[in-house]
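Subject: Structure handover, with notes on helix packing and a pocket

Dear colleague,

I am passing on the structure we talked about, and I would be glad if you could open it beside this message and follow the notes with the model in view.

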Amino acid sequence: MTDPARAPLNLSDFEPLARAQLPAATYDYYAGGADDERTVRANVDAYSDLFLRPRVLVDVSRVDTSVEILGERVSFPVLLAPTAFQRLANLEGERATARAAKEAGTIFVASSLSTVALEGIANEGGPLWFQLYLFRDRALAAELVERAEAAGYGAICLTVTVPVQGHRERDARNRFQLPPGIEMANFTGLDHSRFPEVSGSGLGAYIGKQFDPSLDWSALEWLRARTKLPILVKGIVTPEDARLAADQGAAGIIVSNHGGRQLDTAEPTIRALPRVVDGVEGRVPVLVDGGIRRGTDVVKALALGARAVLIGRPYLWGLAVDGEKGVERVLTLLRREVERTFQLVGAASVAALGRDLLAP
């Protein structure tokens, strides 16, 4: 990003720059969604349907955008969502993202399908959560949880949106696969005497068969019995499921439709958010991902009851454009927008944001 004329001014500016640098199949893997990708677009567009009602003559000479989540205070209410295969964007991959999150004072949620082992990510320091799929082979999941806890991760994010893989036509057309030298690093490091199938060229096929359509709410009980870490359930979009998650001991909920990559025409997450918040009645914190591109989007989500938001694709574009510095730039731009929005709507802190901020 040496040309000032091309320097990104907002999160959306990073995508065309990243697209120009990435192989087409990699760009499509990151950008694409299920079927006609309507939910991918709707996640973003739904924020445009919400309008703000700013208050005036409020002292906003100093604003505090920090927030506490499960005992961890972050500098502003934006976390980095779990995204797979980050070394496709930059060879430093998840290491660079972890360092950028640490620099920004926020949490990076590392994916089970990372291309740097979870221990290597933890070595970069900073607060981390670990995203988990509960595989058919429960010993495989249990091993990952044990390793995450030992490495110092602060929470487990249980993703529940993948009983089966969504139908991603871009990947099918591209015959997407990881290139030589880039692996699902959390599985290559397993004890192969315990998991003999998880090795070599059979690794991808093995993991692809591990998503479990028989999962039910007993999975959360199974996980709670195997870790002392707080568990957030990622992928809830209804108040009914939100209440069940809280009843089953979830420490938090992430409203998510998997970035539109699983069920196409699923409801945009910002529309689902207030009903989920109402459903849990303050029992656990609620976070939301999907479609956040502006500081105004962050503030709208907070006004609807989210404790924080998570971003995914925007920081991947930053990673592709300029590695760690690119992710840092994404976070810096978004933080400035969040702070400016706080000032322009007349809110000196997160506590001042409520549903009355949004036009009916």
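The notes below go through some helix contacts and then a pocket.

Please keep in mind throughout that this is a predicted model, and that the values given here were computed from it.

Helix 14 is a good place to begin, and it spans residues 313–345. Helix 1, which covers residues 14–21, packs against helix 14 at an angle of about 170°, and the two axes are 11 Å apart. Angles over 145 degrees count as roughly antiparallel, and helix 1 and helix 14 are therefore described as roughly antiparallel to each other. The crossing of helix 1 with helix 14 is left-handed. On the side of helix 1 the contact is made by Phe14, Glu15, Leu17, Ala18 and Gln21, while the residues that helix 14 brings to it include Trp317, Val321, Arg329 and Leu333. Sorted by character, the residues of this contact are 8 nonpolar, 3 polar and 2 charged.

Helix 14 also packs with helix 4, which runs over residues 94–104, and here the angle is about 15° with the axes 10 Å apart. Because angles under 35 degrees count as roughly parallel, helix 4 and helix 14 are taken to be roughly parallel to each other. Helix 4 passes helix 14 in a right-handed crossing. The residues of helix 4 that take part include Ala96, Arg99, Ala100 and Glu103, and among those they meet in helix 14 are Tyr315, Leu319, Glu324 and Arg335. This contact of helix 4 with helix 14 divides into 8 nonpolar, 2 polar and 5 charged residues.

A further pair is formed by helix 11, residues 239–247, and helix 12, residues 269–280, whose axes come within 8 Å and cross at roughly 40°. Helix 11 and helix 12 are therefore oblique to each other, and their crossing is right-handed. Here Pro239, Ala242 and Arg243 of helix 11 meet Arg275, Val276, Gly279 and Val280 of helix 12, which gives a contact of 4 nonpolar, 1 polar and 2 charged residues.

Turning to the pocket, the second largest one in the model holds about 590 Å³ of space. Its lining is made up of 30 residues, and those that lie nearest its centre are Val160, Thr161, Val162, Pro163 and Gly235. Strand 6 (156–159), helix 10 (218–224) and strand 7 (231–236) each supply at least two residues of the lining, with the largest share, 3 residues, coming from strand 7. By character, the lining of this second largest pocket divides into 18 nonpolar, 8 polar and 4 charged residues.

With best wishes

Note on methods. Residues are numbered from 1 along each chain as its sequence is written. This is a predicted model: local features need pLDDT of at least 70, side-chain atom pairs count only at pLDDT 80 or more; totals for chains, interfaces and linings use all residues. Side-chain values use heavy atoms; hydrogens and water are left out. Axes are lines fitted to C-alpha atoms, for helices over the stretch in contact, and angles run from 0 to 180 degrees between N-to-C directions. Helices (H or I, at least four residues) and strands (E, at least two) are DSSP runs, numbered from the N terminus. Angles under 35 degrees count as roughly parallel, over 145 as roughly antiparallel, 65 to 115 as roughly perpendicular and the rest as oblique. A crossing is left-handed if the near helix is turned anticlockwise from the far one by less than a right angle, and right-handed if clockwise. Contact means heavy atoms within 4.5 Å. Ala, Val, Leu, Ile, Met, Phe, Trp, Tyr, Cys and Pro count as nonpolar, Asp, Glu, Lys and Arg as charged, and the others, Gly among them, as polar. On a 1 Å grid over the protein atoms alone, a cavity is a set of points where a 1.4 Å probe fits but cannot get out, and a pocket is an open set with protein on both sides within 12 Å along at least five of seven lines; lining residues have an atom within 4 Å of a point. Grid points are joined across faces, edges and corners, and a volume is the space filled by probe spheres set on the points.
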